[in-house]
Structures are given as C-alpha cells and as structure tokens.
Amino acid sequence: MKNKLEAYKCCSNDVIHFKLVRNKKDVENEDITFRPDMTHQLFGDHESIFGYRDLHLDLFYTAGALITYLKIKYLDKVTPEKFDGISADDVEKPIAEMMPPGYLTNIDDFVSSLEKEHLFRPPGEKVNSYQIHKDNCERTFEVFKASVLSPGFKNYHERLQTFLLFFIDAASYIDIDDDRWTFYLLFEKYQQNGCVCYAVVGYMTVYNYYAYLEKIRPRIRYV
C-alpha cells in the first residue's frame, strides 16, 4: 500500500501554475505561465500535497483587474473507499482561505471577464512614468500611489496581496484599514484592440512609522 500511495504525492511548488492573462489567447499560452517560489504557508513546511495523481492547479488572473480563476485537475484521487479509509488533502481549502470571495471556477466566465479589461484603470494617483526600449520595441510603465482612501483600492488590494504568500517568505496580510500604509503600484500601459489597457507588474508597501518629535519615518515592508 505504501509504495502504491507514493504515486499520489507531489510538490506543491510544481503543480501550481500562475498566469496574468491579457486576452483570450493567453489562456492557452503556456509561455506566460510561472510558478510560485514557495508554498509552505499554504501546504506546510514540506510543501507537499497528498492524494492526487498528476495534480495540476491553475491560478489565472486578468492582468489588470486581477479577476481570479481557480481550476484543480487530476488524473486520480485517493478516497476512503478505494484506499482503506485514507483521504486526500483538501487542496482547495487553503487556496480559498487566502483568496477574497468571488473567485471564478468556470473558464467561460473568466474569458468573458477579459472583455472588460480595457475599462480597468489603476487605483490611486499616477506619480511617475517611464519607457523601456528593447528589441525595437517601446514599453511604457506607470507608477501609482494609493492608500486605503483611494476609490476601489481596498477591494483591489485584496486580490493583489494573494501573491505575497507565494513569493515572499514569512509574508502576512496587513491591516489595510490602518491609514498609515502607503502603496506604490507599477503597471505596464499598453494598447490592445485600439484600447488603452493596464497590466500590473508589481507593488510596494510603505508604513509611515512615528518618529520622535512629530516626524514620520516611512519604511518599506513588501516589494
């Protein structure tokens, strides 16, 4: 039995596949897939999942608004009926607990949400922009400064911060209602079907600590 169950173990880092999707073609484009650096905060120190053969977990986000799609696929699953009372790990539960409510599980709904990506505009105030010229191509990037008071930012941040647990060791969700937080978000500005669109590239959190004699000392927490 033990040898048989070995086929139902996998490394959680290897089975999770991220995509930041800009259009329908990206859904099938494996070249834009990337994997997490770590998963121990969701699946334990050994970063392993038990109970599935050929497990594949897709986490797709629309590149701008970060509408999220979750798909769990596998060839076979351990069940108590087939394996003498042994059960598989609940894969979806730790993912669902770190995601805000409303993530999609139907790929058609996710593809439909892409039709509204051109309507998305970054929250906050634009504070900088720059261009990169490479291989005869010019790419434009813009930096936005936001706070909890920025319209739409609180809900957007709930989706954005889900990347923390996969790419920053010992990261934790912050209390966004604390107005001493400032956020800097980097977006690529691009054209698609004649429309201006934005794709998130990264973000940074800054906490404004109190310093003696009525001064504020900003300190970067996450990048």
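**Cysteines**

I looked up Cys11 to begin with. In this predicted model, Cys11 is partly exposed, at a relative accessible area of 29%. I then searched for disulfides and found 0 in the structure. Cys11 takes part in none, and the nearest cysteine sulfur belongs to Cys10, 7.5 Å away. A disulfide needs two cysteine sulfur atoms within 2.5 Å, so that pair does not qualify.

Next I turned to Cys137. Why does Cys137 have no bond to Cys197? The closest cysteine sulfur to that of Cys137 is in Cys197, and at 15 Å it is too far for a bond. I also checked exposure: Cys137 is partly exposed, with a relative accessible area of 40%.

**Annotated domain**

I pulled the UniProt record, an unreviewed entry. Its annotation reads "domain: Histone acetyl transferase HAT1 N-terminal" and covers residues 9–169. I took the secondary structure over residues 9–169: 24% helix and 30% strand. The end C-alpha atoms of that stretch lie 23 Å apart.

**Sheet 2-5-6**

I traced an open sheet of 3 strands, in the order 2-5-6. The pairing is mixed. Which strands sit at the edges? They are strand 2 (16–21) and strand 6 (68–73), and each pairs on one side only. I noted the twist too: neighbouring strands of this sheet are turned by 15 degrees against each other on average, direction ignored.

I followed one pairing in detail. Strand 5, residues 56–62, runs antiparallel to strand 6, and the two pair over 6 bridges. I picked His56 and looked for its bridge partner in strand 6, which is Lys73. As background, sheet strands pair through backbone hydrogen bonds, either parallel or antiparallel.

Notes: Residues numbered from 1 in each chain as written. Predicted model: local features only at pLDDT ≥ 70, side-chain atom pairs only at ≥ 80, totals over all residues. Heavy atoms only, no water. UniProt positions renumbered as here; feature names shortened; annotations may be inferred. Helix = DSSP H or I, 4+ residues; strand = E, 2+ residues; numbered from the N terminus. Pairing = 2+ DSSP bridges. Axes fitted to C-alpha atoms, helices over the stretch in contact; angles between N-to-C directions. Buried < 20%, exposed > 50% of the residue type's maximum accessible area, 1.4 Å probe, protein only.
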